[in-house]
Each structure stands twice: as C-alpha cells, then as structure tokens.
Amino acid sequence: MKQDKAEKIIQRAERKAEKARQQVEIASQKAEKAALKEAERAERKAVKQTERATKKAEKIAQKADRAAQKAEKANMKAEEKRAKIAAAAASAALEGAGEFDGEGGGKKGKKKLLLLILLPVVALAVAAGVFFFLKPKNEEPPPAEPIATPSEYVFEEVKVPALPVWGDEVLVYAYPVEAEPELDENGEPVEPDKDAFPTTDYVYQNLQGPRSLAQAYANLLTTEDGGFFTVDESFQKTETADLSGVTSVLLARNAPRPEGDDDAPRRVQTLLLSWDGQSCTVRVDLPEGRVKDPPPPPGSSGESEGGITYMIESLRDLPPSALGLEGESMDEYRIYTQDGTARVDGKPCLRINVYRSGGNNQIVGSYFLSTDGTHLYRYDPSTNDVTELDIQDALQ
C-alpha cells in the first residue's frame, strides 16, 4: 500500500514537472514570436521612415531644381534688359556727339567721344539698380593709383550699370566716404556699424563733355527698365531734370527689404552725379528712407492714383500713437487700402486696414481717409462707430 502511494506521488510529480516544462516551452515560444514580431514592426517602421526621408529629399531636390531654373530664366531676362540698355546707351551717347565736340574741341573731341561711348555696350549690360543725396567731395584728393573702370555699381546684392566711359586717357578713382559720427544722448560718439553699407565716390577724370555723359546716363536709368527717379534731398520725386543749367543730379529708387525681414529699416538706392570741368563723380549710397510721390496739387481731390499713393505714404510718416497704435515707427506696420469708397460725414473716404508686420495677419486698426486727404477716421467694428483723429496738420 505504501509503495503504491509513493508511486502515485512520484507520478503526480512527474506530470507536474512535464506540465511545467510544457508551460516554459510555450512561454519561450511566445516570447520568441513577440520578439520576432517586434523586430518586424521595427523593420517596417524603419523602412517607412526611410521612404519618407527619401521622398522629402526628392521634393527638396525638385524644389531646388525649380528654383535654379527660375533663377536661370530671371538671369536670361536680365541679360536681355542689359542688352537693350546697352544699345540705348550707345545711341544716346552718339546723339550727344555734337555737344562733346563743342566741349572737347573740333575733330579731336569727336575722336575722344568715340572712345568714350565704346563701353556702354559692356557697362550698361548689367542689372538695373538705385542711389542717396550727399554732395560728392570733388575737392578731396583721390587715391594715388587709379582703379579699373567699373562696369557696374553694387548695392548689396543688386547691381547697377556704371557710368559708361572708356579710353586710355580716362582715369577712375574710388575712395570711401566717411559718415559723420553719430552722438549718443550724452554727446559721446557712437561706435560705427561695421556692417553699414560702404558709401563710395567714383571719380572719373579726363572726360570730354561730362555733363552730356551724365545727362545720357540719367536718361537711361530713369526709364522703366532702369527703375530710377530724379528726386530731391528728401527723396521726393521731381520732374526729369534738364542738366544744362546744373552741376549735379540725384537719382534714387526704393530698395527691397531682405526677404523674411519685415522689421528691417526701409532703404533707398541712390546715385548722386556731380560734374565739373573734365571730371564727374558718382556717389553710391544706400541710406534709410524711401522714394515718395509728390503731394497732389492744391485744391485737387486727391483721387488720382498718385494722390492716393501720396496720402498713404503720408500715413507712414506719422508716429503710430497718432493712429492709436503702439510702437515707435509705422515701419512696424503694413498698410492696405480696400477697393471702392464709403461716405463718412458726407465725405467720400478710402477704407484702410493696418496690420502689424510679421504678425498673424490680424487687423490692428481700421480707418477711413477722405479722398481730399484732410480727414482721417478710426473705425470700431465692434460698435460700428467712427472717431475722427486730429492729424490734419501732419497729413498736409
């Protein structure tokens, strides 16, 4: 009896051991399957990530390729414009041959003119650009060594055709123009900005008829392709100058802000041409400011495109506080007009919306500006009320 009982105990123990072994084997198989499944999942994830990265890289490459093609087309178009400007320069200079002859003296003057007008085909075959008003210091001695005749002037990334001159007898010098030192509130000099645009005077000597050359050059740059305007010291547009009775002219156009930097100060590309005797100086500068249209004539309605542009530019000259806005300059804001007019107090008015530069495209102020430029109203859309702002003197 005792032996049978012992055998039964042994058999039960063996069955339990076998069952435990089977459970361990099953658990091991499950763990192996789980590990294999996890490895397959990780592999699939890695493959998908690789595919996404590859597609993204392909899109970036395609975008870069399109940008390169676009740049190449723009460059080809610019080259065509340069060629047109070059041809026009040669033609304009040839038409001025009689005046060169008068200033150069007989046949000798004509021979020198022919040398001088050979370069426009090269010098004006470059991108158009812009310039600021400061009187060139013709009395300052140029550097001891002349430079190679420049074919273009450079405003950061913008290139402008240089004064078209040529000939072994023509000497060209370039020297930097030192800006007047700025003073802080304590009257102490402020350290100059190392990244400031390097204002440069290009001095051309031994020219025959420098005024006629400057006239032809100004006429070319103030065409639609050139993009320049004749302006005064405040960068307000003036009539195209007849240079017969003057010794200098200022040409300018607005420089684009750096892409993506709406807070950058507005700048103007300027060229100041000045001549005397047989020399001509071209000052290349990039000061802060902007080219403006002249105000509308007294008594006009201001409804013309030029008058509206002038009124909008006048708003940009106001301090933001005058419009109930924050900040120190209207350069911190973008101003847009809506089509059509509305009547406020019986006056036809333009609807104007103001946005903060670099913001989320939310309107920070709505206004109505009368078309005669004498009244400005702030509009409250929540109450549909308007309040006239006392800025008439500033807008005139």
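Two strands count as paired if DSSP finds at least two bridges between them; strands (E, at least two residues) and helices (H or I, at least four) are DSSP runs numbered from the N terminus. This is a predicted model, where local features need pLDDT of at least 70, side-chain atom pairs count only at pLDDT 80 or more, and totals for chains, interfaces and linings use all residues. Residues are numbered from 1 along each chain as its sequence is written, and side-chain values use heavy atoms, with hydrogens and water left out.

**Exercise 1.** Work out the strand order of the open six-stranded sheet and find which strands stand at its edges.

*Solution.*
- Step 1: the order reads β3-β4-β8-β7-β6-β5, with antiparallel pairing.
- Step 2: β3 (171-176) and β5 (229-230) each have a single partner strand, so one side of each lacks a neighbour in the sheet.
- Step 3: zoom in on β5, which joins β6 over two bridges; here T230 sits opposite L251.

**Exercise 2.** Find which strands α5 touches (contact: heavy atoms within 4.5 Å) as it packs on the sheet.

*Solution.*
- Step 1: α5 touches β6, β7 and β8.
- Step 2: its direction makes about 160° with that of β7. Axes are lines fitted to C-alpha atoms, for helices over the stretch in contact, and angles run from 0 to 180 degrees between N-to-C directions.

**Exercise 3.** Describe how β9 and β10 connect.

*Solution.*
- Step 1: β9 (residues 333-344) and β10 (residues 347-356) run antiparallel, joined by nine bridges.
- Step 2: one bridge partner to look up is P348 in β10, which goes with R343.
- Step 3: two residues lie between the strands of this hairpin, and D345 in the turn has a positive phi of about 55°.

How values were computed
Contact means heavy atoms within 4.5 Å.
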